[in-house]
Amino acid sequence: MCGNNMSVPLLSEAAIVSGSERETAAVIFLHGLGDTGRGWAETMSSIRLPYVKYICPHAPSIRVELNRGLIMPSWFNLMGLTPDAKEDDPGIKRASESIKAVIEHEIKNGIPSHRIILGGFSQGGALSLYTALTSHHKLGGVIALSCWLPLHKTFPQAANSSGNKDVSFLMCHGDRDPLVPMEFGMMTAEKLKTIINPARVNFKTYQGMQHSSCSSVSDLAPKQTLLKMCLSHTCIQSLRITELCLSLWDVVGSMLQIDGGQMNVIVLITSE
């Protein structure tokens, strides 16, 4: 692919797993508070598809009020993790624009927007939701893990020009999450149903899972005309296997694996 990454600040230092063949699809995945994209990129590189480009940007280091003003990687400032907590309006919008710049860059490099999957974990998942809902580009789908919708009071008006009102949104949440309570995730899913086609919102809970502490085994199930994303999730803590199917444009399947301190999402996309 052509294009100058230096023209997009997040791409100049992002952890990127390039395709070994002509890249016809991309996955943009955003890490959580205090993390970087390196761990996610390492996971992607171990299971990469040759025609998919995996982009795992690093958030800038800023002061975070929620963590006593400590400087750490954060997409925007956090004052609290409750539905009525004060929010960093300009910071959230600024971060969203930086992700949209990454999307624009990939489109200019020849990857259609409908073959770009946007996702994230925790604060990264929150930013992926906000970005998708305020982007005019129709994406391939959105994967939001253990997160919430920032600036939720500005919706549905903020999504008036969104190109993703009929795109599949998958939300996953552990029912014992102490940082972002499952109830907050459920409220977000219900809010999403007032913004986009409610049939496109899929909220899945995992028994015994906290913010990130579980293991999984996945099973791919490609479909033909109506492409499906199928997940099999085995939680060792609860010894329970659940299966989930979510329609996504041009997606054949996905694995969801949670390993220690992070969730690893592997999205498989058809080559054409």
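Leaving aside neighbours within four places in sequence, Thr134 is in contact with Ser96, Lys100, Phe155, Ala158 and Ser162. In this predicted model, Thr134 is found in helix α4, and because its relative accessibility is 16%, under the 20% limit, the residue counts as buried. Helix α4 spans residues 123–134 and gives the most to the largest nonpolar core, with 6 residues.

That core comprises 47 residues, of which Ile28, Trp75, Leu129, Leu133, Trp148 and Phe169 touch the most other members. Two or more residues are given to the core by each of the helices α1 (9–13), α3 (89–108), α4 and α5 (182–192), and likewise by each of the strands β2 (25–30), β6 (116–121), β7 (141–145) and β8 (169–174). The surroundings of Trp148 illustrate how separate parts of the sequence meet: when residues up to four places away in sequence are not counted, Trp148 touches Phe76, Leu78 and Leu81, then Ser122, Gln123, Ala126 and Leu129, and finally Val180, Phe184 and Thr188. A second, separate core of 21 residues is also present, and includes Val27, Ala41, Met44 and Leu170.

For the protein chain as a whole, 5 helices and 13 strands are assigned. Buried residues make up 56% of the 272 residues, and the chain exposes about 11,600 Å², of which carbon and sulfur atoms supply 52%. Among contacts between residues at least 6 apart in sequence, 68% join residues that are at least 24 apart.

An open sheet of 7 strands is formed in the order β1-β3-β2-β6-β7-β8-β9, and its pairing is mixed. In general, the strands of a sheet pair through backbone hydrogen bonds, either parallel or antiparallel. The edges of this sheet are occupied by β1 (15–17) and β9 (201–206), each of which pairs on one side only, and neighbouring strands are turned against each other by 15° on average, direction ignored. Strands β2 and β3 (residues 52–56) run parallel and are joined by 4 bridges, with Val27 standing opposite Tyr54 in β3; Val27 is also included in the second core. Two helices can be placed against the strands. Helix α2 (residues 38–47) lies across β1, β2, β3 and β6, running at about 10° to β1, whereas α5 lies across β8 and β9 and runs at about 165° to β8.

Strand β8 is mostly covered, with 6 of its 6 residues buried. This cover extends to both faces of β8, since Phe169, Met171 and His173 on one side and Leu170, Cys172 and Gly174 on the other are all buried. On the side of β7, strand β8 pairs in the parallel sense over 4 bridges, and Ile143 stands opposite Leu170; the pairing of β8 with β9 is again in the parallel sense, over 6 bridges, and here Phe169 stands opposite Val201 in β9. The two residues of β8 named in these pairings also appear in the description of the cores: Phe169 is among the members of the largest core that touch the most others, while Leu170 is included in the second core.

A search of the whole structure finds 0 disulfides. Cys172 is in no disulfide, and the nearest cysteine sulfur, that of Cys147, is 9.4 Å away. Cys172 has a relative accessible area of 1% and is therefore buried, and Cys56, at 1% relative accessibility, likewise counts as buried.

At the β1 edge of the sheet, Ala15 has its place in strand β1. The residue is buried because its relative accessible area is 12%, which lies under the 20% limit. Not counting residues up to four places away in sequence, Ala15 touches Gly37, Arg38 and Ala41, together with Tyr54, Ile55, Cys56 and His58. Of these contacts, Ala41 is included in the second core and Tyr54 is the residue that stands opposite Val27. Ala15 and Trp40 are 25 residues apart in sequence, yet their C-alpha atoms are 8.4 Å apart in space.

Technical notes: Residues are numbered from 1 along each chain as its sequence is written. This is a predicted model: local features need pLDDT of at least 70, side-chain atom pairs count only at pLDDT 80 or more; totals for chains, interfaces and linings use all residues. Side-chain values use heavy atoms; hydrogens and water are left out. A nonpolar core is a set of buried Ala, Val, Leu, Ile, Met, Phe, Trp, Tyr and Cys residues joined through side-chain atoms within 4.5 Å. Buried means under 20% relative accessible area, exposed over 50%, partly exposed in between (1.4 Å probe, protein chains only). Contact means heavy atoms within 4.5 Å. Accessible areas come from the Shrake-Rupley method with a 1.4 Å probe; for residues, only the protein chains shown count as cover. A disulfide is a pair of cysteine sulfur atoms within 2.5 Å. Two strands pair if DSSP finds at least two bridges between them. Axes are lines fitted to C-alpha atoms, for helices over the stretch in contact, and angles run from 0 to 180 degrees between N-to-C directions.
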